[in-house]
Amino acid sequence: MDLPATSDERLDDVLADIARYAKRNDRDPADIALMAVSKPKLAEDIRPVLAAGHRLFGENKVQEAAEKWPDLRAAYPDVTLALIGPLQSNKARQAIQVFDRIDSVDREKIARALARVMQEEACQIPILVQVNTGEAAQKAGVAPMEAAAFIAFCREECGLDVQGLQCIPPADDHPAPHFALLGKIAARNDLSILSMGMSADYDAAIAMGSTIVRVGTAIFGARTLAPKQ
Ligand SMILES: *Cc1c(COP(=O)(O)O)cnc(C)c1O
């Protein structure tokens, strides 16, 4: 199957898919946001997607986003940019300066660091908690059993505005049970945002209640920036 040649055409295809999958599951497509994951791409590759009117983007590294996004934001001030990759506490200040939401909060140390720099910078941005639904298979994310306590810690001890959950199922697992688990944890903790589903599985994620799908490759094609070791 050939993908369309340009990222703005692929964006249209993904939006059409989301509308189709929503309808199939009796959901309103307006309840499902498309986050374009621009991490493997340079600013010049991102511009056509911005020019096509898209405004919600995700990046997984603070430093890369800090290099690319200030110029893009100057041209498109209404962009929303989320950090979806792991955060180190020494990058917390830069992260809240570059991003509009931190979607990968998974440790007390990070929650504390974010709370401290938000207070110092007098800015409050929302967060999502990342849950490691696959437990042993990956390191990032709080364990499902500990999610409720961690969410309460973020809210009560740190005063963070927790709006939802993010998960990344292990690549070799069937994703649906992971999405179902994330939905359960969100419902139990009164959280409305469910960031789940990527290029390969956003249909399954939409069936399980996803409110944000994070799509990189299906919009931008293969990586341009080499992954850093
Ligand atoms: C890269 C990445 C994505 C996008 O993955 P694709 O398979 O390219 O759509 C989504 N979420 C996170 C956290 C990522 O790091």
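Is Gln166 buried or exposed, and what is its relative accessible area? In this predicted model, Gln166 is buried, with a relative accessible area of 0%. This residue lies in strand S6, and its side chain reaches the backbone oxygen of Asp103 at 3.5 Å.

**The ligand site**

The ligand occupies the largest pocket. Its surroundings are formed by Val37, Lys39, Ile84, Ile168, Met198, Ser199, Arg214, Val215, Gly216 and Thr217. Polar contacts to the ligand include those listed here.

| Ligand atom | Protein partner | Distance |
|---|---|---|
| Nitrogen | Arg214, N or O atom in the side chain | 2.8 Å |
| Oxygen | Gly216, polar backbone atom | 2.8 Å |
| Oxygen | Thr217, N or O atom in the side chain | 2.5 Å |

Taken alone, the ligand exposes 380 Å², and the protein buries 85% of that area.

**Strand S8 and its partner**

Two of the residues around the ligand, Arg214 and Val215, belong to strand S8, which spans residues 212-215. In a regular strand, side chains alternate between the two faces of the sheet. Both faces of S8 are covered: Ile212 and Arg214 are buried on one side, and Val213 and Val215 are buried on the other. Strand S1, comprising residues 33-37, pairs with S8 in the parallel sense over 4 bridges. Within this pairing, Ala33 stands opposite Ile212. Val37, a residue of S1, is also among those surrounding the ligand.

**Ile168**

Another residue of the ligand surroundings is Ile168, found in the loop between strand S6 (162-166) and helix H7 (176-188). Ile168 has a relative accessibility of 27% and therefore counts as partly exposed, since the buried class requires a value under 20% and the exposed class a value over 50%. Ile168 and Ala140 are 28 residues apart in sequence, while their C-alpha atoms are 8.9 Å apart in space.

**Loop residues with positive phi**

Asp26 lies in the loop between helix H1 (7-24) and S1. Its phi is near 55°, a positive value in a residue other than glycine. Asp26 has a relative accessible area of 77% and is therefore exposed.

Ala122 is placed in the loop between helix H5 (108-120) and strand S5 (127-130). Phi of Ala122 is near 50°, again positive in a residue other than glycine. With a relative accessible area of 72%, Ala122 is exposed.

Definitions and conventions
Residues are numbered from 1 along each chain as its sequence is written. This is a predicted model: local features need pLDDT of at least 70, side-chain atom pairs count only at pLDDT 80 or more; totals for chains, interfaces and linings use all residues. Side-chain values use heavy atoms; hydrogens and water are left out. Buried means under 20% relative accessible area, exposed over 50%, partly exposed in between (1.4 Å probe, protein chains only). Helices (H or I, at least four residues) and strands (E, at least two) are DSSP runs, numbered from the N terminus. Two strands pair if DSSP finds at least two bridges between them. A residue is near a molecule or strand if one of its heavy atoms lies within 4 Å of it. A polar contact is a pair of N or O atoms within 3.5 Å; within protein, one must be able to donate a hydrogen and the other to accept it, and residues adjacent in sequence count only if both atoms are side-chain atoms. Accessible areas come from the Shrake-Rupley method with a 1.4 Å probe; for residues, only the protein chains shown count as cover. On a 1 Å grid over the protein atoms alone, a cavity is a set of points where a 1.4 Å probe fits but cannot get out, and a pocket is an open set with protein on both sides within 12 Å along at least five of seven lines; lining residues have an atom within 4 Å of a point. A molecule sits in a cavity or pocket if more than half of its atoms lie within 2 Å of its grid points.
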